[in-house]
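Student: I have a chain open in my viewer and would like to talk it through with you. Could we go over it together?

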Amino acid sequence: TWTPDSFVDETVTELKAKIGDDKVVLGLSGGVDSTVAAVLLHKAIGANLHCIFVNNGLLRKNEFSDVLKQYEGMGLNVKGVDASARFLDELAGLSEPEAKRKAIGKVFIDVFDDEAHQIEDAKWLAQGTIYPDVIESVSVNGGPSATIKSHHNVGGLPDFMKLKVVEPLRMIFKDEVRRVGASMGIDKELLGRHPFPGPGLGIRILGDITAEKVRILQEVDAIFINGLKENGLYDKVWQAGAILLPVNSVGVMGDERTYEKVVALRAVESTDGMTADWVNLPYEFLQKTSNKIINNVKGVNRVVYDISSKPPATIEWE
Ligand code: XMP
């Protein structure tokens with residue numbers, strides 16, 4: 001019978017035999033799959049695993065530094081690369097969702113390729129691909145693998161994609177990945193993280209992206225997500241986040257008329273992201289969250305809650 005411990009033992013043995021003394025490059029995303037893959041490989045080959053964690057500037061508030069610290073605490077050999085400015089430059093003026101995804105994917109590949117070149121004699125590229133990614137071919141969970149797949153036809157293969165591929169999780173499902181992670185002692189909070197798309201806040205800022213819009217959405221998102229955690233709601237929701245809408249609305253603050261941004265909150269129930277229902281969050285929670293956002297985030301004067309299910313809506317707005 002399958003147990004997380006036996007999976008870890010067998011996989012570590014296999015990885016050792018397969019990889020030997022070679023060096024391996026792995027892109028960490030902060031998500032469950034790439035983290036569990038990294039810890040498994042680290043168990044097998046130690047310092048020969050070289051992890052790269054790219055900040056695309058579209059992560060959640062403080063996520064880059066918090067997660068990087070967490071990885072270092074786990075003993076992983078990880079290089080954090082802050083490429084926020086490169087991503088924002090490439091995105092300037094783009095507002096069409098697929099154009100934004102392409103731009104983000106392209107910069108990610110360039111940055112990752114530059115970094116991979118600095119790891120001399122690397123022979124393998126490790127990925128956190130899990131079984132549903134293998135059968136659907138498009139990851140719903142974000143991370144480098146999804147980004148790479150949809151963009152590898154742009155102008156020839158980058159060098160890191162010529163490496164041999166090792167995917168220790170390709171035969172198991174998400175719940176098994178979480179159990180494997182837990183059996184290796186990975187932090188519960190990290191293992192319970194909601195899925196987050198590879199293009200990050202880039203597809204939650206509708207229309208064009210600026211540094212100021214990213215900052216506003218990070219603040220709003222942090223208030224919403226922390227509120228879910230503080231009220232014991234985070235684990236009851238499959239995925240949640242905030243969306244910055246490309247409209248201004250009129251409001252009133254003291255004696256002043258305001259004309260500021262509208263944000264939407266979204267929280268869904270799902271098992272695989274293919275279908276989803278909006279979550280019936282308590283009115284009291286929504287009320288408090290809305291007040292907190294409007295009172296604390298400059299530039300936002302209205303909050304709405306998305307009550308659309310998938311299909312026919314999608315989870316993301318772009
Ligand atoms: P939708 O919006 O299609 O989202 O209902 C389903 C799941 O996929 C995630 N998603 C993405 N993940 N790159 C990713 O890595 C993307 O471009 C992307 N678009 C959507 C979304 O967050 C949800 O979990």
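Tutor: Gladly; here are some questions and answers on the model, its domains and its backbone.
This is a predicted model, in which local features need pLDDT of at least 70 and side-chain atom pairs count only at pLDDT 80 or more, while totals for chains, interfaces and linings use all residues. Residues are numbered from 1 along each chain as its sequence is written, and side-chain values use heavy atoms, with hydrogens and water left out.

Student: What is the average pLDDT of the chain, and where does pLDDT stay under 50?
Tutor: pLDDT is the predictor's confidence in each residue, from 0 to 100. The chain averages 94, and 94% of the residues score at least 70. Where pLDDT is low, the predicted coordinates should not be read in detail. That caution is for the stretch where pLDDT stays under 50, residues 139–154.

Student: Which domains does the assignment give, and what distance separates their centres?
Tutor: The bounds come from an automatic or database domain assignment. It gives domain 1 (4–191) and domain 2 (204–305). Taken over C-alpha atoms, their centres are separated by 28 Å.

Student: How many residues does the contact take from each domain, and what area do the two bury between them?
Tutor: With contact meaning heavy atoms within 4.5 Å, 14 residues come from domain 1 and 19 residues from domain 2. Buried area is the accessible area (1.4 Å probe) that two parts lose on being put together, summed over both. Carbon and sulfur atoms carry 55% of it here, and the area buried between domain 1 and domain 2 is about 1,200 Å².

Student: How many salt bridges does the rule find across that interface?
Tutor: The rule asks for a side-chain nitrogen of Lys or Arg within 4 Å of a carboxyl oxygen of Asp or Glu. A search of the whole structure finds 17 salt bridges. Across the interface of domain 1 and domain 2, the number is three.

Student: Which residue forms a salt bridge with Arg60, and why does the pair tie together parts that are apart in sequence?
Tutor: The closest N and O atoms are 2.7 Å apart, and the partner of Arg60 is Asp221. Helices (H or I, at least four residues) and strands (E, at least two) are DSSP runs, numbered from the N terminus. Arg60 lies in the loop between strand 2 (49–55) and helix 3 (63–73), and Asp221 in helix 10 (residues 211–230), so the pair ties together parts 161 residues apart in sequence.

Student: What is the phi of Asn62?
Tutor: Most residues other than glycine have a negative phi. Asn62 lies in the loop between strand 2 and helix 3. Its phi is positive, near 60°.
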